[in-house]
Amino acid sequence: MFIDRAKIYIKAGNGGDGCTSFYTEKYVPNGGPDGGDGGDGGAVIIKADAQAASLSEFRFGKHYRAEDGANGAGKNRHGKSGNDLVLRVPRGTVVRDAETGGIIADLFYENDSVTVLEGGIGGKGNARFKSARRQAPGFSQKGEPTKERSVVLELKTIADVGLVGFPNAGKSTLLSVITRANPKIANYPFTTLSPNLGVCVVNDFSFTVADIPGLIEGASDGAGLGHMFLRHVDRTRLIVHVVDIASTDGRDPISDYETVNNELFKYNPELADVPQIIALNKTDCADGQAIADFRRAVKGEIYEISGATHNGVDALVRAAAAKLATLPPPKPIDYEPFRYEEIDPNSYTVTRADDGAFVLDGALIEKLARTVVLEDRNSFMYFQRRLDTSGVTKQLRKSGIKSGDIVRILDTEFTYEE
């Protein structure tokens, strides 16, 4: 099944915990701290891969996690960093933040990649906390945890020419005639269920052609499958509008032409600036009056063709090639890259709970909490000094704290004393 949109949940690896250890060896008294650092967590990377054709592999797999960093160990052995998670997607995939809709990346070129989430930083081992005043620190730091995020992957097919038109207008047949593509073709008034691509060669010039399915009245508002596939026409440099001039399904060709254009321009007004060639298809079954009426009503570059007999197809292909030669090459969409907020590691807040306790929160507090071992006197003294040097204690005093008041950090409470 062709899948061109998928919502997935991704999480970078957590940082490994630092180790609390002391050097011990026979005949070596008073060994110092030798706890190693934890490894960094793996990042989540999304990369464009020429071998990927759709987002079908993300249909069932919804949660993807990079590897956590390994914990540190004694003898100053640092934990191994977690492996990065690389998710491979088709070229032309747009990565969006699911919550805001912001564009993280447009993976337009082959091998384009973006690091969506960075891994957590490994915690420091107790050897890192040794100082002249603290010879035997009995504490280490836990690894930095990471948050799970949700992103949306949207495939926007990259093709030079987009074939548009009502279902059963003959787009798939035309694609099979001018390229080596093998779309499923039948005489039924239903839309193709997935975009089909092929390469057309005219002398030494080649270009890609995509059959854009799903265009019926109301497609831009979600009718039929149009809302699923209209995004595939965004990147085309030239539109070939295929019209069933024989009215094989009883529809009016002029009305069909106007309806499809209305849906295109309603979906994306910029498509009105994309050059368009009209291909009147099934002329082998049409009468001259219908063709004449269409030419009087519609102004534009019009070619009469038959996908079944191949009449007029060569002229249409040569015209498309000549038009493309004058157009600028395709390029990625313009956007302001979305980035997940980088929290200031020294930020914190002091608030008052309903029960009167002073609540400390923020990145700095969480970082310190990962280091503190309340049962260890050295660890707790280190914690208090960091509160002092970071200005937290001063802010508590400004907030009106006094001896005997309760201070709450995460799930831990302690009594404040001057």
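Two residues are in contact here when heavy atoms of each lie within 4.5 Å. The structure is a predicted model.

**Glycine 42**

Glycine 42 sits in the loop between strand S1 (5-11) and strand S2 (44-48). With neighbours within four places in sequence left aside, glycine 42 is in contact with Ala12, Gly13, Ala66, Glu67, Gly82, Asn83, Asp84 and Gly119. Its relative accessible area is 0%, and buried means under 20%, so glycine 42 counts as buried. Glycine 18 is 24 residues from glycine 42 in sequence, and the C-alpha to C-alpha separation of the two is 17 Å.

**The chain as a whole**

The chain contains eight helices and 18 strands. Its radius of gyration is 32 Å, whereas a compact globule of 418 residues would have a value near 22 Å. Along the principal axes, the C-alpha atoms fill a box of roughly 100 × 55 × 35 Å. Of the 418 residues, 47% are buried. Among contacts in the chain with a separation of 6 or more, 70% are between residues 24 or more positions apart.

**The six-stranded sheet and its helix**

One open sheet has six strands in the order S10-S11-S9-S12-S13-S14, and its pairing is mixed. Strand S10 (196-202) and strand S14 (301-304) are the edge strands; each has a single partner strand, so one side of each has no neighbour in the sheet. From one strand to the next, the twist averages 25°. Within this sheet, valine 243 has leucine 280 in S13 as its bridge partner. Helix H4 packs on the sheet and touches S12, S13 and S14, with a direction at about 170° to that of S14.

H4 (residues 288-297) also meets helix H3 (residues 253-267): the two axes come within 9 Å and cross at roughly 40°. H3 and H4 are therefore oblique to each other. On the H3 side the contact involves Pro253, Ile254 and Tyr257, and on the H4 side Asp293, Phe294 and Ala297. By class, the contact of H3 with H4 has five nonpolar residues, one charged residue and no polar ones.

**The four-stranded sheet**

Another open sheet, also of mixed pairing, has four strands in the order S15-S16-S17-S18. The edges are S15 and strand S18 (412-415); each has a single partner strand, so one side of each is left without a neighbour in the sheet. The twist here averages 25° from one strand to the next.

S15 and S16 form a hairpin with five residues between the strands, and glycine 356 takes a positive phi near 95° there. Two positions of the pairing can be given: arginine 352 has phenylalanine 358 in S16 as its bridge partner, and threonine 351 stands opposite valine 359 in S16. In a regular strand, side chains alternate between the two faces of the sheet.

**Strand pairs**

The table lists one strand pair from each of the two sheets described above.

| First strand | Second strand | Sense | Bridges |
|---|---|---|---|
| S12 (residues 238-244) | S13 (residues 276-281) | parallel | six bridges |
| S15 (residues 349-352) | S16 (residues 358-361) | antiparallel | four bridges |

How values were computed
Residues are numbered from 1 along each chain as its sequence is written. This is a predicted model: local features need pLDDT of at least 70, side-chain atom pairs count only at pLDDT 80 or more; totals for chains, interfaces and linings use all residues. Side-chain values use heavy atoms; hydrogens and water are left out. Axes are lines fitted to C-alpha atoms, for helices over the stretch in contact, and angles run from 0 to 180 degrees between N-to-C directions. Angles under 35 degrees count as roughly parallel, over 145 as roughly antiparallel, 65 to 115 as roughly perpendicular and the rest as oblique. Ala, Val, Leu, Ile, Met, Phe, Trp, Tyr, Cys and Pro count as nonpolar, Asp, Glu, Lys and Arg as charged, and the others, Gly among them, as polar. Two strands pair if DSSP finds at least two bridges between them. Buried means under 20% relative accessible area, exposed over 50%, partly exposed in between (1.4 Å probe, protein chains only). The radius of gyration is taken over C-alpha atoms; the globule rule is 2.2 Å times the number of residues to the power 0.38.
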